[in-house]
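Student: Could we go through this protein one question at a time, with the reasoning spelled out?

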Amino acid sequence: MTSKVVLAAILAVVVCTLLVDVLLIPWFPLPAVLYALLILIAAHFLPPAMVVVVTVWDALALLVAAWIQQPPLEQVALYESSVMVLGYLTVSLSVKMRRESKLKAEMAMLAAERQRVIGTLRALIDALPVGVFVYDGAGTVTLANSTAGAVLDGVNGGAADRLRR
């Protein structure tokens, strides 16, 4: 789904929630939960800037409902501040999720590049006409080309089999 489709669907639900809030359930906490749910849904499907737009829509819808229904000012302040705090938290969540997704994709790309480079180096080492041994920090042979194995077979009969992995 594209962002425009999701944004249009959320706007339609905001309007429907506003109508339910004003006409069917006058100033009851249930519509406030629906407004909050829309912000959470937006955080999962939309970029952070669009989550801000949905938060503003929700805040405006709550203000319109308050203007029509005239509830106590304390309730209006509580619901509005709740929407704003939730909006801030979901924008933060959206930014984090997008950053994490980007980093995972970058890590996968780097792992594939690493495997390609390792394969190229192994092919290059194996193609050398001289014997090559690669040791780790502890002095253990971690890689040897076929020429090195042939040299060891001639010197130590069967030593090359221990090097092959």
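Tutor: We begin with a definition: helices (H or I, at least four residues) and strands (E, at least two) are DSSP runs, numbered from the N terminus. The model is predicted, with local features needing pLDDT of at least 70 and side-chain atom pairs pLDDT 80 or more, while totals for chains, interfaces and linings use all residues. Residues are numbered from 1 along each chain as its sequence is written, and side-chain values use heavy atoms, with hydrogens and water left out.

Student: In what order do the elements of the protein run from the N terminus on?
Tutor: The protein contains six helices and two strands. Read from the N terminus on, these elements follow the order α-α-α-α-β-β-α-α.

Student: What share of the residues in the protein is buried?
Tutor: A residue is called buried under 20% relative accessible area, exposed over 50% and partly exposed in between, using a 1.4 Å probe and protein chains only. Of the 165 residues in the protein, the buried share is 28%.

Student: Which helices each supply at least two residues of the largest nonpolar core?
Tutor: A nonpolar core is a set of buried Ala, Val, Leu, Ile, Met, Phe, Trp, Tyr and Cys residues joined through side-chain atoms within 4.5 Å. The largest one has 23 residues, and those touching the most other members are Ile10, Leu18, Ile39, Ala42, Leu46, Val51 and Val54. At least two residues of this core come from each of helix H1 (3-24), helix H2 (29-45), helix H3 (48-69) and helix H4 (73-127).

Student: Within what arc do the buried residues of H1 fall?
Tutor: The expected span of a helix is 1.5 Å times one less than its number of residues, so the 22 residues of H1 should span 32 Å, which agrees with end C-alpha atoms 30 Å apart. Its buried residues are Val6, Leu7, Ile10, Val14, Thr17, Leu18, Asp21 and Val22. The arc is taken from the directions from the helix axis to the C-beta atoms, and these residues line one face of H1 because, seen down the axis, they fall within an arc of 135°.

Student: Which residues are exposed on the other side of H1?
Tutor: An α-helix has 3.6 residues a turn, so residues three or four places apart point the same way. On the side of H1 opposite the buried residues, the exposed ones are Lys4, Leu23 and Leu24.

Student: How large an arc do the buried residues of H3 cover around the axis?
Tutor: The buried residues of H3 include Pro48, Val51, Val54, Asp58, Leu62 and Gln69. The buried residues lie on the same side of H3 because they cover an arc of only 160°.

Student: Which residues are exposed on the other side of H3?
Tutor: H3 has 22 residues and reaches 31 Å from its first C-alpha to its last, close to the 32 Å expected. On the side of H3 away from its buried residues, the exposed ones are Ala49 and Trp67.

Student: What is the phi of Gln70, approximately?
Tutor: Gln70 lies in the loop between H3 and H4, and with a relative accessible area of 58% this residue is exposed. Its phi is positive, in a residue other than glycine, with a value near 55°.

Student: Is Ser94 buried or exposed?
Tutor: Ser94 is found in helix H4. Leaving out residues up to four places away in sequence, Ser94 touches (heavy atoms within 4.5 Å) Ala43, Leu46, Pro47, Pro48 and Val51. With a relative accessible area of 1%, Ser94 is buried.

Student: How far apart are the C-alpha atoms of Val83 and Leu62?
Tutor: Val83, in helix H4, counts as buried at 5% relative accessibility. Leaving aside neighbours within four places in sequence, Val83 is in contact with Ile39, Thr55, Asp58, Ala59 and Leu62. Although Val83 and Leu62 are 21 residues apart along the chain, their C-alpha atoms are separated by 9.0 Å.

Student: Is Lys96 buried or exposed?
Tutor: Lys96 has its place in helix H4, and its C-alpha atom is 9.7 Å from that of Pro48, 48 residues apart along the chain. At 51% relative accessibility, Lys96 counts as exposed.
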